[in-house]
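Subject: Structure handover

Hello,

Here is the structure for you to look at. My notes on it follow below.

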Amino acid sequence: MARLPAILDFAAEAADPGRYAMLDGGWSLAIADVVGSTRLAGEGRHRDVNFVAAAVVAVLSQAMRVGEEPVACQFGGDGAIAAVPPGREAEARSALAALAHWSGGTMDVPLRVGIVPVQALLDQGLEVLAALHDLGNGNAFGLFLGAGVVAADSWVKDDARWRLAPAAGPLPGLDNVSCRWNPVKPRRGTVLCVIVDAVDEGPAGLAALARIQGAIERIVPTAGAAPLGTGERLAMHWPPAWRSLLMEARGGRPGEALCRVAGALVKSGILCALMRFGLKLANFDPEHYRRSMARRSDFRKSAGGPRMVLDVTGTEAADIERLLSEAAEAGEVDYGVALADATTVTCLVGDFATDRHVHFVDGAGLGFWRASVMLKAMKAGRKVIAPRRLAETPR
């Protein structure tokens, strides 16, 4: 299997279809999304939702990996999507079914999962383009363009024939997920979550998305709007929130919970002390790790169209929505936006010593999910409140 193309400079390359590989009929798309996010958000269980979405990325990445090649998998706040390589569909199905069983039964977070063959999308004239946002040292995120990705997500949500039933099974990689970091306050004003999809399903739609991405870059260069900055404001919970510890403990087999909580307490205590006092231990340098966390966060991605979490000024936020509103009125795109007063971080850490780790960000209060609600309403043709809503930051 040929490796997917690597994208190194998101701003310059991520909107260019020529930087992606067109997936053929041997591939599939794995889809997972949390059901009942409205209820969970109302119960204040935002971090549980993010944890489950990160767990999907962790488990799918481990289950589908062939050798050391990264898997094109992407965190979506309340779900995830992955490109399943030819010959790995059985592993993806088993992992998704086990994730749904664990999430619903252990986490009390219902998870809808499914597999859509790329051939079924191609038969409908829907293309799927995939690439890897290469962050170095084997760390990468999946990037996707094309109407097929958006369609696959809708098919799994709307049609039971594409879904998988929950079933108990192993969850490799779940132990590597953690969420022990404080929410990061914006330094420039506010956190803006943005989701954009093209209306046209063909080349004209891709061209519209490229224009939108370029226009956003002119309003605010996104590299400078990274919500984690250079990592200088990252701080750990201490003592760790019990809910975070319990989430991590729930990943283990029966009888392991107490040991996992104790181990997490010890590891968190050591890590927090190293971070707070700037101490180095063996191969671990806290300042290097903070910088790496910020650099390896997924605040910019593409899943059919741009998905971003940006630290912006109020003026920049208004300008971005004005841009999107005008493009929507012109019939080019549908979009969703949401403001947040902080950025939340969920981590996937493979190995400190070898610098293998990536970090998933979302706007506080499930910013991506709130933006997706607006997007869904726009697609359904319902009236959506426009620029005025950005003047209010959710509590």
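**Cavities and pocket**

The second largest cavity has a volume of about 60 Å³. This is a predicted model, and a search through the whole of it turns up two cavities of 30 Å³ or more.

The lining of the second largest cavity consists of Phe-10, Ala-14, Ala-15, Leu-145, Leu-209, Ala-210, Gln-213, Lys-301, Ser-302, Gly-305 and Pro-306. Two elements, α7 and β11, each supply two or more residues to that lining. The largest share, three residues, is from α7. Sorted by class, the lining of this cavity has seven nonpolar, three polar and one charged residues.

The largest pocket holds about 990 Å³ of space. Its lining has 36 residues, and those nearest the centre are Asp-33, Asp-78, Asp-153, Lys-157 and Ser-372. Elements giving two or more residues to the lining include the strands β3 (28-34), β4 (73-75), β5 (79-84), β10 (190-198) and β11 (300-304). The helices that do so are α2 (37-42), α6 (147-158) and α12 (367-379). Of these elements, α12 gives the most, with eight residues. The class split for the pocket lining is 16 nonpolar, eight polar and twelve charged.

Note that β11 appears in both places: it gives two or more residues to the lining of the largest pocket, and it does the same for the second largest cavity.

**Helix packing**

Two helix pairs are worth listing.

The first pair is α7 (residues 203-219) and α11 (residues 314-329), whose axes come within 10 Å and cross at roughly 160 degrees. The two helices are therefore roughly antiparallel to each other, and their crossing is right-handed. On the α7 side the contact is made by Ile-212, Ala-215, Ile-216 and Ile-219. On the α11 side it is made by Glu-316, Asp-319, Ile-320, Leu-323, Leu-324 and Ala-327. Eight residues of this contact are nonpolar, none is polar and two are charged. Helix α7 is also the element noted above for its three residues in the lining of the second largest cavity.

The other pair is α3 (residues 46-64) and α4 (residues 89-105). Their axes lie 9 Å apart, at an angle of about 155 degrees. Angles over 145 degrees count as roughly antiparallel, and that makes α3 roughly antiparallel to α4. The crossing of α3 and α4 is right-handed. From α3, the residues in contact are Phe-51, Val-52, Ala-55, Val-56, Val-59, Leu-60, Ala-63 and Met-64. They meet Glu-91, Ala-92, Ala-95, Leu-96, Leu-99, Trp-102 and Ser-103 of α4. By class, the α3 and α4 contact has 13 nonpolar residues, one polar and one charged.

Regards

Methods. Residues are numbered from 1 along each chain as its sequence is written. This is a predicted model: local features need pLDDT of at least 70, side-chain atom pairs count only at pLDDT 80 or more; totals for chains, interfaces and linings use all residues. Side-chain values use heavy atoms; hydrogens and water are left out. Axes are lines fitted to C-alpha atoms, for helices over the stretch in contact, and angles run from 0 to 180 degrees between N-to-C directions. Helices (H or I, at least four residues) and strands (E, at least two) are DSSP runs, numbered from the N terminus. Angles under 35 degrees count as roughly parallel, over 145 as roughly antiparallel, 65 to 115 as roughly perpendicular and the rest as oblique. A crossing is left-handed if the near helix is turned anticlockwise from the far one by less than a right angle, and right-handed if clockwise. Contact means heavy atoms within 4.5 Å. Ala, Val, Leu, Ile, Met, Phe, Trp, Tyr, Cys and Pro count as nonpolar, Asp, Glu, Lys and Arg as charged, and the others, Gly among them, as polar. On a 1 Å grid over the protein atoms alone, a cavity is a set of points where a 1.4 Å probe fits but cannot get out, and a pocket is an open set with protein on both sides within 12 Å along at least five of seven lines; lining residues have an atom within 4 Å of a point. Grid points are joined across faces, edges and corners, and a volume is the space filled by probe spheres set on the points.
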